[in-house]
Amino acid sequence: MLQVKDLKVSIDGKEILKGISLDVKPGEVHAIMGPNGSGKSTLSHVLTGREGYDVTSGSVSYLGKDLLDMEPEERAREGIFLAFQYPVEIPGVNNMYFLKAAVNARRVHQGMEELDALDFMDSLKEKMALLKMDDSFLKRGVNEGFSGGEKKRNEILQMAMLEPKLALLDETDSGLDIDALQICSDGVNSLRNKERGFVVITHYQRLLDYIVPDFVHVLADGRIVKSGGKDLALELEEKGYGWIEGIDAA
Amino acid sequence: MNAVALTEYYRSALAGRELPGAGLAWLSDRRSKAFAAFQGFPTTRDEDWKYTKVAAIEKRLFQFVPGMCIGLDEDDIEQYLIPGLDSYRLVFVNGQYMPMLSSKRSEQPQGFTVASLSLVLSEQPEAVESVLGTIADPSDNGFAALNSAEMADGACVILPAGQVADKPIQILYLTTAGGDDIVAQPRNLFIAGDNAQATIFETYASMGDSTYLTNAVTEVSLGANAGLNHYKCQTESGKSYHVSMTQVDQARDSRFNSHLVSLGAMLARHDLNSVFNGEGGECVLDGLYVTDGRQHCDIHSRVDHVQPHCRSDEKFKGVLGGRSRAVFNGKVYVHVDAQKTDASQHNANLLLSKDAEIDTKPQLEIYADDVKCAHGATVGQLDETAVFYLRSRGLDNEAARSLLTYAFVGEMVDRIPLAEYQQVVRGHVLARLPGGDMIRALM
Ligand SMILES: Nc1ncnc2c1ncn2[C@@H]1O[C@H](COP(=O)(O)OP(=O)(O)OP(=O)(O)O)[C@@H](O)[C@H]1O
Ligand SMILES: [Mg+2]
């Protein structure tokens, strides 16, 4: 469903991604691991259409369409979702109104009827229960004054409400204690199915005990330097990134 | 027109009028002193009018329209009233008091006065003699002077000591569609005796899009421990001019809570001033403005902490689009004896276009040494990271921007404690923001 081919991206003339290729098929979970500053978030931002990045070469096709040609909202409505590494606080924009606007924008785009207030609430309450979020959250501003863990849970809640075809999770596990990690992973796992693809970006092998990937890629200095199955993550955990870079250099 | 010719013009315009209470010596004296203070309108050479050019007002010869008969009924004014609010009502159209549209005499409050100033001047002038024209200084500027030279009509609320108004008071100032070149000069007087309490709404609106001048002066006198909630909403025609001064005199332990909404008019200028003449007073000045096109909005406030232990808290937010311009100038004077003053003042602005312009200047002048004062101003644009976050969830660019814009200014709407009025203000604000309909649909 997602084909990234030799993608090169610069910020202000500085090359950050130096030729990335990635092929995600429906139902697959790909994990991307890599040290700080290797370009993981850059990849997630380019895939979702954030401004400020120059794609200097390569292509991205999503469900047969040229992804890079689409506006961020169009990508979202076509089923791409990014759980942000740093979810944005938006004081004054009510969480519930925001979610409803997002859900209905996608539904209208996909030719479905808008959810009425009751159906929307039913669906929302059900997902909030799964993520152990209490009702007070509905009245608050988007991520306004949320703890780190609450923000990450809110990302997963949005994902559950938007039912994406392809979900990108950027370090959703970072900064979570083990209980919160369990809750978030359960949320993600409940969405796994034969059609939905996932790209899970993480620093820590720990997450992959909960969300078991089909493929693991190691991103270092803007390149995928190694790909393998889920065992690669364990090996990395044991030997560190130096091991990969060592192999790379040899 | 030069100042001399302008003075002549308004002198003859006023001279041809039969003003209410003309036989009262004290009143004639105050009117003529005020007219003597009228030396034309302020220019940008005046420090307080540096950023606000009123040459366009000077160029037009605005006319008073005494006795003009206006055939309006309830249905015509319905949409300007706060829905579902049970209130005492005073309605003015083109500056004229409209008894048929106001609360009937049989529905007058018990124990206090809600009436037109002209009626009070003819029936109980002694009730206002010590106050009318003594709080607002006509020599402050030409507009205040011109208003004070007329002092013909406006809303008058008088609460004796200990009187708590059983219902809010709603005052409507309307201008009709054909009201080109009219000058309406509401002269309002609100007197609350010791321990008295009331809530007053001033609504300024147009029934068409004529070019006219509203030049209002509101004097407020609060006795010891009195409380007034004062809400003002200005949504006048985009071709009109709105100039107003609200001047408050606060005795000890009194509370003045003000909320000002300025959305309409080609040029709007609000002066909002309060003086603490006793200890323990409190003054809250909240407000918002939204401007677009070539609109100009100027908010000038001044709080004088003359006595110790008073608290003032001012917060205004503005959203500027198009080529519009806004001015915020807030002064807090802490006089030498005003120890333990607690004063804060904030102004935040959101610029939606490159051509919009804001001049903001919160000012503190402190002559006492044991005080707590804070002030600040911000000018910013929409947070692009937040825009992207919303778009990444499927909201289109415009929707994301309007949501963030409303979130910014909506804080000031949410601060209105009365739900019915909050709803009205929210509607007006949304009607002026890009994508407002979309936000309304969400709520
Ligand atoms: N807006 C920007 N302007 C300039 N350089 C940037 C910008 N954003 C990212 N970079 C640089 O690009 C490189 C990759 O950053 P990116 O955020 O993609 O890394 P990451 O792998 O997600 O790191 P982390 O694990 O810390 O989240 C870094 O060197 C970073 O400093
Ligand atoms: Mg990152």
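**Ligand 1 and the A–B interface**

An oxygen atom of ligand 1 sits 3.2 Å from an N or O atom in the side chain of A:Asn36. The model is a predicted one, and the ligand site is a handy place to start. Two other side chains of chain A come up in the same way: an N or O atom of A:Thr42 lies 2.5 Å from an oxygen atom of ligand 1, and for A:Gln85 the distance is 2.9 Å. On its own, ligand 1 exposes 630 Å², and the protein buries 62% of that. Strand E2 (14–24) and helix H1 (40–48) of chain A are the elements giving two or more residues to the shell, with H1(A) taking the largest share at three residues. In all, 14 residues surround the ligand, and A:Gly37, A:Lys40, A:Ser41, A:Thr42 and A:Gln85 are the closest. By type, the shell splits into eight polar, three charged and three nonpolar residues.

Now for the protein–protein side. Here 17 residues of chain B touch 32 residues of chain A. About 2100 Å² is buried between the two chains, with carbon and sulfur atoms giving 67% of it. B:Phe388, B:Tyr389 and B:Arg393 supply 37% of the area that chain B buries against chain A, more than any other three residues.

As for polar links, 10 residue pairs are in polar contact between the chains. Helices H7 (384–391) and H8 (397–414) are the elements of chain B that give two or more residues to its side of the interface, and H7(B) gives the most, six residues. That side of chain B is made up of 10 nonpolar, four polar and three charged residues. Three salt bridges cross the interface; in one, the side chains of B:Arg391 and A:Glu71 meet at 2.6 Å, N to O.

How values were computed. Residues are numbered from 1 along each chain as its sequence is written. Chains are lettered from A and ligands numbered from 1 in the order in which they are written. This is a predicted model: local features need pLDDT of at least 70, side-chain atom pairs count only at pLDDT 80 or more; totals for chains, interfaces and linings use all residues. Side-chain values use heavy atoms; hydrogens and water are left out. Contact means heavy atoms within 4.5 Å. Buried area is the accessible area (1.4 Å probe) that two parts lose on being put together, summed over both. A salt bridge is a side-chain nitrogen of Lys or Arg within 4 Å of a carboxyl oxygen of Asp or Glu. A polar contact is a pair of N or O atoms within 3.5 Å; within protein, one must be able to donate a hydrogen and the other to accept it, and residues adjacent in sequence count only if both atoms are side-chain atoms. Helices (H or I, at least four residues) and strands (E, at least two) are DSSP runs, numbered from the N terminus. Ala, Val, Leu, Ile, Met, Phe, Trp, Tyr, Cys and Pro count as nonpolar, Asp, Glu, Lys and Arg as charged, and the others, Gly among them, as polar. A residue is near a molecule or strand if one of its heavy atoms lies within 4 Å of it. Accessible areas come from the Shrake-Rupley method with a 1.4 Å probe; for residues, only the protein chains shown count as cover.
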